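Colleague: I would like to go through this model with you, one point at a time. Please give the reasoning before each result.

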Amino acid sequence: MSATVLWEFHPTENVTNFGRLMGRNVGGRRRKCGSCLNFSNRLSISATAVENPSRSSEEMVYDVVLKQAALVGEQRTRRRAVALRPSETDFLMNESLLNEAYARCGEVCAEYAKTFYLGTLLMTPERRRAVWAIYVWCRRTDELVDGPNASHITPKALDRWKQRLMDLFEGCPYDMYDAALSDTVSKYPVDIQPFKDMIEGMNQDMKKSRYKNFDELYLYCYYVAGTVGLMSVPVMGISPSSKASVVSVYSSALDLGIANQLTNILRDVGEDALRGRIYLPQDELEHAGLSEDDIFHGKVTDKWRNFMRNQIERARMFFDEAEKGVDELNPESRWPVWTALVLYRQILDEIEANDYNNFTKRAYVGKEIVTGKSGFIVSIYMEKGRENSLFSNSAVWSIGSFQANNHSV
Ligand SMILES: CC(C)=CCC/C(C)=C/CC/C(C)=C/CC/C(C)=C/[C@@H]1[C@@H](COP(=O)(O)OP(=O)(O)O)[C@]1(C)CC/C=C(\C)CC/C=C(\C)CCC=C(C)C
């Protein structure tokens, strides 16, 4: 993950108000479970989650999915806090400040996630800016433990970040980015749980560098990425013509997050090992006849290739499950999701093309393919064979020319 500075965080200070900002001008049941892949000696899920050792991570996470889906039914909107501090009240009341806050979120998004940003331009203005606000919060949360100030971050600092999250959900934002999110969560049926869970994931990442089995890894992937799917769907919206259940759409969203994170892990094995971290199920490594030393020495052997084949197969399975939900989203929200899905899934192909050397070779999808070429947009679209159902051709070409004229990278 990239190490960017979206803000300057002083872990010993209380996080308050705008001054901390840096950066540029800125901001049914599950179908198949990931643990039940056809590994030669099937590895059953061993329930390891601390909260309730008798339940698997997937079962526990599924409860969160059910809760999020129920919120859509209720169309619950967030109540504003009764007592807002004057400065924040001004902020929330002042439409132009709010617009400015959202615009800054858009700038962050354009700066750090260009392709995704371009995709969001196809969404309605209201939804697009809400997705930007969520993106910025996730990026900042990730940066706490993965950014340049990560070594100063303590569990206490994460607690303060969580308190700040709770405040913004109650209508008391600390800075402009928070104000944008505060507004978003007051307008869409977004629940605080996935946000809290992402912070929990960061907390866990500070303490834990090994995963006993897939059940543990799954929980981690949910915390840091599956949560993103659950946060985004309420904003992106489900198509009025969708016949799918809300729960199944949320499950697909969760699966896309899990698939992305598993892919991220498989791509970064070498980098993570340099930091002393192994985000791979230990029991599966052992089963494949691999030791930690094999990872630290980074030799591509047949044992490693076999192991990787299974891991890639599992990640693809999550992508397949995710695909089922994309067409259920509002049509104008599908494009950024397809972008995320297609780009990330291609990383798996690249790992294979690199003959499974993810120790010293970084699998990436070439920039000339990803950005700056309208042809890329058409090709994603063609891959899905949805040229008539996803967007109009003019939408495709307008993104193409937007890239060519303004944002070629
Ligand atoms: C439309 C859309 C894709 C919306 C998501 C926008 C959003 C809120 C993104 C936040 C991403 C973020 C900063 C997460 C913090 C934790 C983290 C870093 C997770 C990893 C992402 C990639 O990180 P990074 O930028 O560092 O990657 P590189 O190293 O530069 O390659 C993750 C791997 C996970 C990201 C997870 C998603 C994008 C989940 C997407 C799922 C949905 C939007 C739900 C779609 C709905 C259906 C029905 C399928």
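Colleague: Does Pro-173 count as buried or exposed?

Modeller: The model is predicted. Pro-173 sits in the loop that joins H6 to H7. A residue needs 20 or more other C-beta atoms within 10 Å to be called buried. Pro-173 has 26 C-beta neighbours inside 10 Å, so this loop residue counts as buried.

Colleague: How far apart in space are Pro-173 and Asp-183, C-alpha to C-alpha?

Modeller: In sequence, Pro-173 and Asp-183 are 10 residues apart. Asp-183 belongs to the part of H7 that meets H3. The C-alpha to C-alpha distance between Pro-173 and Asp-183 is 9.3 Å.

Colleague: How are H6 and H7 oriented, oblique or perpendicular to each other?

Modeller: H6 covers residues 155-169 and H7 covers residues 176-187, and their axes come within 8 Å. The axes cross at roughly 50 degrees. An angle of 65 to 115 degrees would count as roughly perpendicular, and under 35 degrees as roughly parallel. H6 and H7 are therefore oblique.

Colleague: Which residues make that contact, and how do they divide by class?

Modeller: H6 contributes Arg-164, Leu-168 and Phe-169. From H7 come Asp-178, Leu-181, Ser-182 and Val-185. By class, the contact of H6 with H7 has four nonpolar, one polar and two charged residues.

Colleague: H7 also packs on H3; what is the orientation of H3 and H7 to each other?

Modeller: The axes of H3 (residues 95-112) and H7 are 8 Å apart. The packing angle is about 105 degrees, and the range of 65 to 115 degrees counts as roughly perpendicular. H3 and H7 are therefore roughly perpendicular.

Colleague: How many residues of the contact of H3 with H7 are nonpolar?

Modeller: On the H3 side are Leu-98, Ala-101, Tyr-102, Arg-104 and Cys-105. H7 meets them with Met-176, Tyr-177, Ala-179, Ala-180 and Asp-183. The contact of H3 with H7 includes two charged residues and no polar ones, and the nonpolar residues number eight.

Colleague: Where does the largest nonpolar core lie with respect to the domains?

Modeller: This core has 93 residues, and Cys-105, Ala-133 and Ile-134 touch the most other members. Its largest share, 16 residues, comes from H9 (residues 214-236). Both domain 1 (58-76 + 191-365) and domain 2 (79-188) give residues to the core, so its place is between domain 1 and domain 2.

Colleague: Which helix supplies the largest share of the side of domain 1 that touches domain 2?

Modeller: The C-alpha centres of domain 1 and domain 2 lie 23 Å apart, and the contact takes 23 residues from domain 1 and 23 residues from domain 2. On the side of domain 1, H8 (193-207), H9 and H15 (331-353) each supply at least two residues. The largest share there is eight residues, and it comes from H8.

Colleague: What classes of residue make up the side of domain 1 that touches domain 2?

Modeller: In soluble globular proteins, nonpolar side chains tend to be buried together. The side of domain 1 that touches domain 2 has five polar and three charged residues. Its nonpolar residues number 15.

Colleague: H9 came up in both the core and the domain contact; with which residues beyond its sequence neighbours is Leu-217 of H9 in contact?

Modeller: Leu-217 has 25 C-beta neighbours inside 10 Å and so counts as buried. Its C-alpha is 7.3 Å from that of Leu-280, although Leu-217 and Leu-280 are 63 residues apart in sequence. Leaving aside neighbours within four places in sequence, the contacts of Leu-217 are Tyr-211, Tyr-279 and Pro-281.

Colleague: Asp-355 has a positive phi although it is not a glycine; is Asp-355 buried or exposed?

Modeller: The phi of Asp-355 is about 55 degrees, and the residue lies in the loop between H15 and H16 (367-370). The cut-off for exposed is 12 or fewer other C-beta atoms within 10 Å. Asp-355 has 11 such neighbours, so this residue counts as exposed.

Colleague: And Tyr-356, buried or exposed?

Modeller: Tyr-356 also lies in the loop between H15 and H16. Tyr-356 is not a glycine either, yet has a positive phi of about 65 degrees. With 23 other C-beta atoms within 10 Å, Tyr-356 is therefore buried.

Methods
Residues numbered from 1 in each chain as written. Predicted model: local features only at pLDDT ≥ 70, side-chain atom pairs only at ≥ 80, totals over all residues. Axes fitted to C-alpha atoms, helices over the stretch in contact; angles between N-to-C directions. Helix = DSSP H or I, 4+ residues; strand = E, 2+ residues; numbered from the N terminus. Parallel < 35°, antiparallel > 145°, perpendicular 65-115°, else oblique. Contact = placed C-beta atoms within 7 Å. Nonpolar A, V, L, I, M, F, W, Y, C, P; charged D, E, K, R; others polar. Core = buried A, V, L, I, M, F, W, Y, C linked by C-beta atoms within 7 Å. Domains from an automatic or database assignment.
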